[in-house]
Amino acid sequence: MSGLLADALVVVHLLFVAFVALGGLLVLRWPWVAWAHLPAAAWGVGIEVTGAICPLTPLEHELRQRAGGSAYRGDFVSHYLLPVLYPSGLTRAAQLWLAALVLGGNLAIYAVVLRRRRSTALRTLRGAGSPPVR
């Protein structure tokens with residue numbers, strides 16, 4: 001059972017990482033998602049910038065050991081994602097680049113979201129039938 005829980009935790013962890021990296025795209029369609037995405041993105045970027053280990057990683061290690069397996073070294077990103085992205089492994093510089101990429105991408109998306117909201121608010125203030133103010 002512990003092995004299945006560890007595998008399920010990996011899936012949840014991967015979905016969380018995907019949400020951190022790409023959740024801003026969901027905000028373009030559903031602005032209310034920002035209430036969940038902003039704290040998740042802050043957490044994900046913070047983990048990468050500080051070099052800390054996400055609490056899900058030690059939990060997964062514990063579940064794997066209980067199932068008779070062995071825990072891997074490092075964090076979730078270096079074990080599961082970096083072999084796909086960077087075959088040579090995770091370096092501190094790579095972590096900082098990943099954090100900058102996630103932060104920059106999400107800032108760009110939120111800039112679009114805020115511009116849309118401002119545009120909608122201005123149209124509402126002007127009224128649907130009024131000519132645009134110049």
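The questions and answers below concern how helices pack in a predicted model.

In this predicted model, local features need pLDDT of at least 70 and side-chain atom pairs count only at pLDDT 80 or more, while totals for chains, interfaces and linings use all residues. Residues are numbered from 1 along each chain as its sequence is written, and side-chain values use heavy atoms, with hydrogens and water left out.

Reader: Are helix α2 and helix α5 roughly parallel or roughly antiparallel?
Author: The axes of α2 (residues 34–50) and α5 (residues 92–126) lie 8 Å apart, at an angle of about 160°, where axes are lines fitted to C-alpha atoms over the stretch in contact and angles run from 0 to 180 degrees between N-to-C directions. Because angles under 35 degrees count as roughly parallel, over 145 as roughly antiparallel, 65 to 115 as roughly perpendicular and the rest as oblique, α2 is, relative to α5, roughly antiparallel.

Reader: How do α1 and α5 run relative to each other?
Author: The axes of helix α1 (residues 2–29) and α5 cross at roughly 10° and come within 9 Å. The two helices are therefore roughly parallel.

Reader: Where around the axis of α3 are the buried residues?
Author: In α3 (residues 56–66), the buried residues (under 20% relative accessible area, with exposed over 50% and partly exposed in between, for a 1.4 Å probe and protein chains only) are Thr-57, Glu-60, His-61, Leu-63 and Arg-64. Because they cover an arc of only 165° around the axis, taken from the directions from the helix axis to the C-beta atoms, they lie on the same side of α3.

Conventions:
Helix = DSSP H or I, 4+ residues; strand = E, 2+ residues; numbered from the N terminus.
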